[in-house]
Amino acid sequence: MADSAASPLPRVADKAGADALVASVSEAMQALEALLAAESCAVGTGRLRQGLADPAQKSALAAAYVLRLEAVKANAVALARFAPGGLERLRAEHRRFTAAVERNQTVLGTARSVSETLIKSLADDLGRAAVPMTYGRPSVAPSPYGRGVRSGPLILSRNL
């Protein structure tokens with residue numbers, strides 16, 4: 001693989017360069033997929049801090065993957081000519097990687113939904129306790145703007 005002086009993307013000029021680019025993209029995909037799988041496993045089991053521990057590494061791996069993917073796009077014709085088998089393998093790996101990203105997004109979306117539900121439930125419970133009751137009903141009329149008097153800030157203590 002020969003690097004062009006004008007472009008940061010490598011230019012593929014022979015079979016060795018094509019194989020090197022395919023291997024490089026595959027390596028980046030596998031590293032990012034492993035990180036996403038670890039994140040999904042940790043978040044799925046409730047270990048949020050461990051799962052979301054290193055966003056810098058995730059960003060670096062994603063940036064490396066995108067850069068290499070741009071190199072594949074720039075060298076698509078050369079890859080099809082010099083490494084058609086490697087290109088097919090790369091497509092199959094990309095489909096597997098896409099499924100891994102979708103699983104990760106599903107796990108993160110579920111965790112976000114659960115945490116939002118917990119926070120809303122907690123805010124409702126705290127707000128309900130703050131409203132005085134008169135004859136079994138809240139003594140403050142509901143607001144026409146939606147949330148009413150229970151929309152104050154939610155303060156939590158981690159020392160419980």
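Start with the contacts across the whole chain: among those between residues at least 6 apart in sequence, 66% join residues at least 24 apart. Keep in mind during the tour that this is a predicted model.

**Whole protein**

Show the protein as a cartoon and colour by secondary structure. Five helices and four strands should appear. Followed along the sequence, the pattern is β-β-α-α-α-α-α-β-β. Now switch on the surface. The accessible surface is about 11,100 Å², and carbon and sulfur atoms account for 60% of that. Of the 160 residues, 23% count as buried.

**Helix 1 and helix 3**

Next, select residues 15-44, which are helix 1, and residues 55-74, which are helix 3. Two packed helices are described by the angle between their axes and the distance between the axes. Here the angle is about 150° and the axes lie 9 Å apart. Angles over 145 degrees count as roughly antiparallel, and helix 1 and helix 3 are therefore roughly antiparallel to each other. The crossing of helix 1 past helix 3 is left-handed.

Show side chains where these two helices meet. On helix 1, pick L21, S24, V25, A28, M29, A31, L32, L35, L36 and E39. On helix 3, the residues making the contact are Q57, K58, L61, A62, Y65, R68, A71 and V72. Colour them by class: 13 are nonpolar, two polar and three charged.

**G17**

Stay on helix 1 and select G17, which lies in this helix. Is G17 buried or exposed? Its relative accessible area is 0%, so G17 is buried. Then add A83 to the selection and draw a distance between the two C-alpha atoms. G17 and A83 are 66 residues apart along the chain, and their C-alpha atoms are separated by 9.3 Å.

**N104**

Move to residues 84-130, which form helix 5, and select N104 within that helix. N104 has a relative accessible area of 1%. The cut-off for buried is under 20%, so N104 is buried.

Which residues is N104 in contact with, leaving aside its neighbours within four places in sequence? Display L36, E39, S40 and K58 to see them. Some of these will be familiar from the earlier stop: L36 and E39 of helix 1 and K58 of helix 3 also take part in the contact between those two helices. To finish, keep N104 shown together with helix 1 and helix 3, and N104 of helix 5 can be viewed beside its contacts L36, E39 and K58.

Definitions and conventions:
Residues are numbered from 1 along each chain as its sequence is written. This is a predicted model: local features need pLDDT of at least 70, side-chain atom pairs count only at pLDDT 80 or more; totals for chains, interfaces and linings use all residues. Side-chain values use heavy atoms; hydrogens and water are left out. Buried means under 20% relative accessible area, exposed over 50%, partly exposed in between (1.4 Å probe, protein chains only). Contact means heavy atoms within 4.5 Å. Accessible areas come from the Shrake-Rupley method with a 1.4 Å probe; for residues, only the protein chains shown count as cover. Axes are lines fitted to C-alpha atoms, for helices over the stretch in contact, and angles run from 0 to 180 degrees between N-to-C directions. Angles under 35 degrees count as roughly parallel, over 145 as roughly antiparallel, 65 to 115 as roughly perpendicular and the rest as oblique. A crossing is left-handed if the near helix is turned anticlockwise from the far one by less than a right angle, and right-handed if clockwise. Ala, Val, Leu, Ile, Met, Phe, Trp, Tyr, Cys and Pro count as nonpolar, Asp, Glu, Lys and Arg as charged, and the others, Gly among them, as polar.
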